[in-house]
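These are my notebook entries, kept in the order in which I looked things up. I begin with the rule that I needed for the opening entry.

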2 protein chains.
Amino acid sequence: MTETPHTPEDHYTPESLKEAHELIVPYIHRTPVMQSRQLNELAGAELFFKAENFQRGGSYKIRGATHALIRLRQSRDAGGVVTHSSGNFAQALSLAARSLGMQAHIVMPENAPKVKREAVSSYGGQVVLCAPTLEAREAEAARIERETGAAFIHPSNDPMVLLGQGTACLELLETHPELDRVVAPVGGGGLLAGTSLACAFFGRDCEPVGAEPLAVDDAYRSLKSGRIEKNESTDTVADGLRTVLGNHTFPVLQRHVRTIIRVEEDEIIRAMRLVWERMKLVVEPSSAVALAAVLRDPGLFRGTRTGIVISGGNVDLDNLPFSR
Amino acid sequence: MTETPHTPEDHYTPESLKEAHELIVPYIHRTPVMQSRQLNELAGAELFFKAENFQRGGSYKIRGATHALIRLRQSRDAGGVVTHSSGNFAQALSLAARSLGMQAHIVMPENAPKVKREAVSSYGGQVVLCAPTLEAREAEAARIERETGAAFIHPSNDPMVLLGQGTACLELLETHPELDRVVAPVGGGGLLAGTSLACAFFGRDCEPVGAEPLAVDDAYRSLKSGRIEKNESTDTVADGLRTVLGNHTFPVLQRHVRTIIRVEEDEIIRAMRLVWERMKLVVEPSSAVALAAVLRDPGLFRGTRTGIVISGGNVDLDNLPFSR
C-alpha cells in the first residue's frame with residue numbers, strides 16, 4: 001500500500017484505480033455481468049449489464065465508500081465518518097464503516113422515509129435527523145465533525161469516492177475488454193467519472209456515455225456551458241440522480257466524457273419495466289436510465305458491444321411506478 | 001443416445017437423469033446459484049437459491065418441455081405437439097418447439113390474459129382458444145391431436161417432463177454436493193418429483209422437501225391418504241401451484257418425499273417480498289412458497305445447507321401482491 005496521493009492529477013492513474021480495486025476487494029462482491037437476448041434484439045446491440053444491484057447494500061456506492069474509508073484510515077486516525085444522504089450512500093457508508101470497525105454518522109432530513117432510516121440503522125449507521133434544508137444538513141454535519149472528530153465523506157464529489165466507483169467498470173472491462181461503449185447514469189457524477197477513467201485506462205477505444213433524466217439534466221448542460229449548472233426542480237422518478245456535479249467530478253467528466261444522453265420519464269419507466277420483466281432483475285429507476293439512453297439513441301449503439309452499469313436495486317415495493 | 005425406455009422404472013435411474021441433462025444442455029441456460037447473507041441469518045441456515053427465474057422462458061419448465069420433445073423426436077416422427085396451459089409451460093413448450101424446429105399448439109381458455117397469449121405467440125406457439133372448462137380444453141387438445149398428428153405433452157404428469165425438471169436440482173448438486181435439503185414448490189408435482197430423484201441419485205443424504213400453499217394442499221393430503229386428492233378451491237396467490245398430482249408424479253413423490261410443508265398466503269407474500277428486496281430477484285409467488293416453507297419450519301432447517309429451487313420469475317407487474 002502507498003500513502004494517499006496529494007494532488008488530484010496523481011489520483012487518476014491506471015495504477016491508482018487498480019489499487020483502489022485491490023484495497024476494496026475483500027469488502028465487496030464481485031457482481032455478475034448479465035445478458036438478455038431479448039434486450040439485445042431490442043437495442044440492436046450486444047449489451048452487458050454489470051449488476052451492481054447485487055452489490056452489498058444494494059448499489060455500487062459501497063465501492064467508493066469503502067475506498068474512501070480505507071484511504072482515510074491510511075492518512076489519519078479517524079474513528080468516525082459523517083455524511084449527509086438519504087439514499088444509497090447512507091447505507092453504503094454505514095456498511096463500509098462497520099466492515100472497517102469505524103462509526104458512521106448519517107445526517108438525514110427528518111422527513112426521510114422510515115424504511116431508509118431503519119436500513120441505515122440495521123447496517124450500524126448512526127442516524128442524525130435535521131430539518132430538510134441544505135443549510136440544516138450542512139450545519140449538522142459540521143457540528144458532528146467538530147464534536148466527534150469524524151471526517152466528512154461526500155457521497156460523490158471526492159477523488160477517493162469516484163475512484164472507488166470506477167472499479168465497477170474496471171471489473172467489467174477485465175472480463176469484457178472488447179466493449180465499445182459503457183453507459184452509466186449521472187447524478188452527482190461519481191459513478192460516471194470513475195467509469196470514464198476506467199474506460200480511458202483499461203478500454204480499447206471504449207467510449208464512456210452518461211445517461212441523465214431530462215428533468216435534471218444539469219450534467220448535460222454543465223458540459224455544454226463549461227461550468228457547474230444547477231437544476232430548477234428535482235422532479236424525476238430517478239431519485240438517485242437529483243444531485244449535481246461538484247468540483248471534483250466535473251473536471252473528470254469534462255476531460256473524458258463527450259456524450260450525455262437525456263431521457264424522458266416515461267422512457268425511464270419503460271426501461272425499468274423491461275429489465276424487471278425480461279431480465280428478472282429488481283433495479284431502481286436511476287439504473288434504468290442507462291438502458292433508456294441506449295434505447296433512445298439507437299444510432300449510437302447499433303452493432304456495438306455496450307456495457308451498462310446497473311447502479312442499484314433499492315426500490316420501495318409499495319410505490320412502484322408501473323404498478324398503477 | 002439411446003432409445004426411449006419403455007417401462008416407468010427404467011425411466012428413473014441416475015443414468016436417465018444424467019442423459020436428460022446432456023440432451024437439453026444445448027437448449028437451456030445453466031442458471032446461477034445465488035446466496036444472501038441476510039436471508040441466511042433470517043433462516044439460521046445456509047441457503048442456496050437455484051435461480052430458474054433466469055431460465056429461458058422465465059421458468060424451469062423449459063427443461064421438461066425440451067426433454068419431452070427430444071425424446072418424442074427419437075421415438076416417432078411427430079411434426080407438432082399440443083398442450084393445455086395458460087401458465088409457464090405454455091411459453092416453455094412454444095420456445096422448446098421453436099428451438100427444435102417443431103410446431104407447438106397451445107390450448108388456452110378464452111379468458112386467459114392477453115399478455116400470456118402474446119407471450120406464447122412471441123415464442124412461436126400457436127394459440128388455440130377454448131371455453132374455460134376442463135372438458136373443453138381436453139376436447140380441443142384431442143381434436144388437434146387427431147387432425148394434425150401432434151403429440152400431447154402434459155405440463156407435469158409425464159415421465160420425460162419430470163426427468164427434465166429434475167435437471168435443475170442435478171445442476172445444483174453438481175456444484176453443491178454437500179446440501180442437506182432441497183426445497184421445491186409442488187403443484188402438478190413435476191418439479192418436486194424430478195428434484196426428489198436428483199436428491200436420491202446425486203445427493204449425499206440430501207432430503208427433498210415439498211412446499212405447498214395451504215389453500216391448495218392436495219399433495220400434502222395425497223401423501224397422507226395414499227391416493228391422489230383434489231383441491232376444493234384454487235384460491236392462492238401462487239398461481240402456478242393450483243394443479244394436482246397425476247399418475248406419473250404421485251408414485252415418485254410417494255417413494256422419495258417424506259415432508260411437504262404447507263404455508264399461508266401471507267407467508268408466501270412476505271417471502272416473495274424478502275427475495276425481491278434482499279436478493280433483488282424478480283420471482284413469482286409460486287417460487288416464494290419454497291422460501292416461505294423454510295421460514296415457517298425453522299426446526300427442520302436450522303444449521304443445514306439447504307437448496308431452494310426458485311422456479312420462475314413470470315409476474316404481472318401491474319398486479320403485484322405487495323403493491324397496495
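Buried, as I use the word here, means under 20% relative accessible area, exposed means over 50%, and partly exposed lies in between. The model is a predicted one, and I read every entry below with that in mind.

**Entry: a serine in a loop of chain B**

I looked up B:Ser85, which sits in the loop between strand E3 (80–84) and helix H5 (88–99) of chain B. Because its relative accessibility is 12%, B:Ser85 counts as buried. I then asked which backbone nitrogens lie by its side chain: that of B:Gly87 is 3.0 Å from a polar atom of the B:Ser85 side chain, and that of B:Ala90 is 3.2 Å from a polar atom of this side chain. Leaving out residues up to four places away in sequence, I list B:Ala90, B:Ile106, B:Val107, B:Met108 and B:Pro155 as the residues that B:Ser85 touches.

**Entry: the interface**

I turned next to the contact between the chains, to which chain A and chain B each bring 23 residues. The area buried between chain B and chain A is about 1900 Å², and carbon and sulfur atoms give 54% of it. Across this interface I noted two salt bridges, and A:Arg273 with B:Asp318 forms a salt bridge at 3.0 Å, N to O. Eight residue pairs are in polar contact across the interface of chain B and chain A, with both residues at pLDDT 80 or more.

On the side of chain B that touches chain A, helix H3 (37–43) and helix H13 (265–279) of chain B each supply at least two residues, and the largest share, four residues, comes from H13(B). Sorted by class, this side of chain B has ten nonpolar, seven polar and six charged residues.

**Entry: the largest nonpolar core**

Which residues touch the most other members of the largest nonpolar core? I found them to be A:Trp276, A:Leu291 and B:Trp276, in a core of 79 residues. Helix H13 (residues 285–296) of chain A gives the most to this core, with eight residues.

I followed A:Trp276 further, again not counting residues up to four places away in sequence: within chain A it touches A:Leu281, A:Val282, A:Val283, A:Val315, A:Leu317, A:Leu320 and A:Phe322, and from chain B it touches B:Trp276, B:Val282 and B:Leu317.

**Entry: a covered helix**

I checked helix H9 (residues 167–175) of chain B and found it mostly covered, with seven of its nine residues buried. Those buried residues are B:Thr167, B:Ala168, B:Cys169, B:Leu170, B:Glu171, B:Leu172 and B:Leu173.

**Entry: positive phi in chain A**

I noted that phi of A:Asp205 is near 60°, a positive value in a residue other than glycine, and that A:Asp205 lies in the loop between helix H9 (190–202) and strand E8 (207–213) of chain A. Phi of A:Lys280 is also positive and near 60°, and A:Lys280 is placed in the loop between helix H12 (265–279) and H13 of chain A. Is each of these buried or exposed? A:Asp205 is exposed, with a relative accessible area of 75%, whereas A:Lys280 is buried, at 6%.

**Entry: salt bridges within the chains**

Over all chains I have a count of 32 salt bridges. One of them pairs A:Arg258 with A:Glu207, the closest N and O atoms being 3.6 Å apart; A:Arg258 is in the loop between helix H11 (249–256) and strand E9 (259–263) of chain A, while A:Glu207 is in strand E8 of chain A, 51 residues apart. A:Arg258 is exposed, at a relative accessible area of 71%, but A:Glu207 is buried, at 13%.

In chain B, B:Arg71 forms a salt bridge with B:Glu19, and the closest N and O atoms are 2.6 Å apart. This pair links helix H4 (residues 61–75), which holds B:Arg71, to helix H2 (residues 14–24), which holds B:Glu19, across 52 residues of chain B. B:Arg71 is buried, with a relative accessible area of 4%.

I closed with a pair inside one helix: B:Glu118 and B:Lys114 meet in a salt bridge of 3.3 Å, N to O, and both lie in helix H6 (residues 114–122) of chain B, four residues apart, about one turn of the helix. B:Glu118 counts as partly exposed at 45% relative accessibility, and B:Lys114 as exposed at 56%.

Methods:
Residues numbered from 1 in each chain as written. Chains lettered and ligands numbered in written order. Predicted model: local features only at pLDDT ≥ 70, side-chain atom pairs only at ≥ 80, totals over all residues. Heavy atoms only, no water. Contact = heavy atoms within 4.5 Å. Buried area = accessible area lost by both parts, 1.4 Å probe. Salt bridge = Lys/Arg side-chain N within 4 Å of Asp/Glu carboxyl O. Polar contact = N/O pair within 3.5 Å; in protein donor to acceptor, adjacent residues only side chain to side chain. Nonpolar A, V, L, I, M, F, W, Y, C, P; charged D, E, K, R; others polar. Core = buried A, V, L, I, M, F, W, Y, C linked by side-chain atoms within 4.5 Å. Buried < 20%, exposed > 50% of the residue type's maximum accessible area, 1.4 Å probe, protein only.
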